[in-house]
There are 2 protein chains.
Amino acid sequence: MKAYKDLSKEELLSLKAELEATYEDAKGKGLKLDMSRGKPGASQLDMGMALLDTLNSGSDMKTVDGMDVRNYGGLDGITEAKQLMADLMGVKPENVIVCGNASLQIMYDTVSRSVTHGVMGSTPWCKLDKVKFLCPAPGYDRHFAITQHFGIEMITVPMTPQGPDMDMVERLVAEDETIKGIWCVPKYSNPQGYSYSEETVKRFAALKPAAKDFRIFWDNAYAIHHLYDDRQDEILDILSECEKAGNPDMVYEFSSTSKVSFSGAGIAAIASSQGNLADMKKSLTIQTIGFNKVNQLQHARYFKNIDGLKAHMRKHADLLRPKFQTVLSILDKELGGLEIGTWTNPNGGYFISFQALDGCAKAIVAKCKEAGMVLTNAGATYPYGVDPQDSNIRIAPSFPTPEEMAQATELFVLCVKLVSVEKLLENK
Amino acid sequence: MKAYKDLSKEELLSLKAELEATYEDAKGKGLKLDMSRGKPGASQLDMGMALLDTLNSGSDMKTVDGMDVRNYGGLDGITEAKQLMADLMGVKPENVIVCGNASLQIMYDTVSRSVTHGVMGSTPWCKLDKVKFLCPAPGYDRHFAITQHFGIEMITVPMTPQGPDMDMVERLVAEDETIKGIWCVPKYSNPQGYSYSEETVKRFAALKPAAKDFRIFWDNAYAIHHLYDDRQDEILDILSECEKAGNPDMVYEFSSTSKVSFSGAGIAAIASSQGNLADMKKSLTIQTIGFNKVNQLQHARYFKNIDGLKAHMRKHADLLRPKFQTVLSILDKELGGLEIGTWTNPNGGYFISFQALDGCAKAIVAKCKEAGMVLTNAGATYPYGVDPQDSNIRIAPSFPTPEEMAQATELFVLCVKLVSVEKLLENK
């Protein structure tokens, strides 16, 4: 396959005509495909249906330590759910608070609380002229949306396969005390599927921030979300690393079973130091009498322990793997050697990250949409929704069926080719 | 029965000696009773156990309009849960957002959002020098805790059997634009069990607040929580009254099934104007991808409709009524004619409010505690936990068994007598 950049203007023009014809055909097919969000597919959700048999009218509704989950109370979660979520994150149960159904909500609350009440006695962020967050990008759009919502200035930090550019992170947090946080997806990152190296985690734990209320927002969303049996990433436990480095209060870790049990009805948790948890509870005790403990009990009894979780996730992997492989094989076959894009091949998580030629991402997403396929908005993986290179596209293979994924990827590569040819022609 | 105030010093002293002896006996019994919170008892929770049979691994997990409740999405709640909660509150489903398991959390969020983002475009409250709330009292301690947590100044408004003193409410909100809200429990109020009269609701709807971001926080926590078949309170629908009065955006209504299904795992909702809901959704869409829709579906399918809810609540009433009647009959028998206290006899809700002689509430609660019975802290029903008369005590009959309630009330009346005698002796 000859790289597109080495084609003559005439070759590009003829290729363009050919691709346009194919694209018109594709448009005629009336496709309706959605690769926009990291949503589990229906067959994946079916695998968790036995969760609903765990509790019934004959069940004992008491926790291991005798609490009636049906009544009020239990602000920080029931004992067995704490244990389960601690195992999921690789931390101790005493460092865990189990909340409602969404870790996003815990993150939002954590930022909101810092804005209104500060962090362990610091000035509430709403009383400061300027608050900034570091945002490794490409990253998770919903993280960036939270900081933007609270008027927090976002500074993009480039991602590498080992994690964020740590030279930049270290320098910025050390010199600027208005930097109060950093968003991280440390394992199978959204959207690239990168996992932070041991060195990266250790450098995070050893940060010397100017702001004493600087916190790492460690969204361990894909802790057990491997795609393969023989290719799995593991990361160091940030909580114990921070403790060892003399920064015990520097990190909040978040996780959930949203992509383990049900996306709409899982359980979510935060793990942090006793100092941070005590600070959080000062607000939490005003905010609620307790989260849904029936759902917590249901999850704890169904999955039992980390082995139960892992066994369940292997079934998910069996469903997800073919979808990822379909995408990857079509990308390889159709785009290999053309030098009009690169993509990641992650060991886990929910996404493949595609890097198009600079200035092409928006046009590709628009072309796909015109032909009936919805992708995540180009730019969404960057703060303020603006990708400075306009080149990153997030592919979410989880929701469609493998057949739909094949159709979708065929359309995607066609759009990539067409937009790339048009881009290259601009300079001929 | 002779009123205590008419007893001579000698009579009081001899009565005191007698009561003290009885109290020492009571202390010796090693009682352990909890009347502190409005918690359902275990047998009441047992009545909802069939809720857990509603969904199982064979269930159709789609809503009436085809949404898979197991997946992400459905920010404002599923259609059938909206209908159920709308019926519960007596409003239209399009005015409802169904959230997580606790209406307290929705109230907290609503205040928090106003603090950080303002209300429909108003200045965020955190940018104002002073924000005040009106607090009808005695009232619900957790309401007051929210406003106190956000540094909002609380102004006590006296309660009457028809609702808050509306002359005072009208005057204050009209003249002070720093007054941004008022806490209301309009039906079977906490702790008195009063229900707002038609006139009160209409006067609320017709308020002319100086602050355009003034909102009524209408906590309809006991909408269907009647104790009797033949003595039931009903209140006007505040949403439509506000609309009629030209103040469509002035109210947020809150409710939940916490005291219908399970206190730890019900569903909660807010009802308000389209303007307020749109304002709320701007934050909600950042905050979560959706609340627990499996729990919403479970509730909607189990209760089916308002008739299902009402039938269920009649069973609750059958359990609660004897507990209330036990308390009331002992109060009547032991304190009737003594003129050392008055109490409410509500048609519904979770509390009986006891008004002791001025300056006696704290001492009564302390005496009860010393003998093994926990009551809600005296003062808790007032802003900042300070009852200026030190006379209100909240009695929560729901959690103990009827036998325990009898024991508890016997002890309570003994402590009331003893403390009252001591108080009266101060002035002899």
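## Two copies and how they meet

Turn chain B by 180°, with 0.0 Å of shift along the rotation axis, and it superposes on chain A with an RMSD of 0.1 Å. The two copies are thus related as by a two-fold rotation axis. Keep in mind that this is a predicted model.

So where do the chains touch? The contact takes 47 residues from chain B and 47 residues from chain A. Five elements of chain B give two or more residues each to the side that touches chain A, and here they are:

| Element of chain B | Residues |
|---|---|
| α2 | 42-46 |
| α4 | 103-117 |
| α5 | 141-149 |
| α9 | 274-287 |
| α10 | 293-303 |

α4(B) gives the most to this side of chain B, with six residues. Sorted by kind, the residues on the side of chain B that touches chain A come out as 23 nonpolar, 18 polar and six charged. And because 100% of the interface residues of chain B are also interface residues in chain A, the copies meet through the same surface.

Now for a look inside chain B, at two of the helices just listed. α4(B) and α5(B) pack with their axes 10 Å apart, at an angle of about 25°. That angle makes α4(B) roughly parallel to α5(B), and their crossing is right-handed.

Which residues meet there? On the α4(B) side you'll find B:L104, B:M107, B:Y108 and B:V111, and they meet B:R142, B:I146 and B:T147 in α5(B). The residues of this helix-to-helix contact divide into five nonpolar, one polar and one charged.

Technical notes. Residues are numbered from 1 along each chain as its sequence is written. Chains are lettered from A and ligands numbered from 1 in the order in which they are written. This is a predicted model: local features need pLDDT of at least 70, side-chain atom pairs count only at pLDDT 80 or more; totals for chains, interfaces and linings use all residues. Copies are superposed by least squares on the C-alpha atoms of residues with pLDDT of at least 70 in both. Two residues are in contact if their C-beta atoms, placed from the backbone, lie within 7 Å. Helices (H or I, at least four residues) and strands (E, at least two) are DSSP runs, numbered from the N terminus. Ala, Val, Leu, Ile, Met, Phe, Trp, Tyr, Cys and Pro count as nonpolar, Asp, Glu, Lys and Arg as charged, and the others, Gly among them, as polar. Axes are lines fitted to C-alpha atoms, for helices over the stretch in contact, and angles run from 0 to 180 degrees between N-to-C directions. Angles under 35 degrees count as roughly parallel, over 145 as roughly antiparallel, 65 to 115 as roughly perpendicular and the rest as oblique. A crossing is left-handed if the near helix is turned anticlockwise from the far one by less than a right angle, and right-handed if clockwise.
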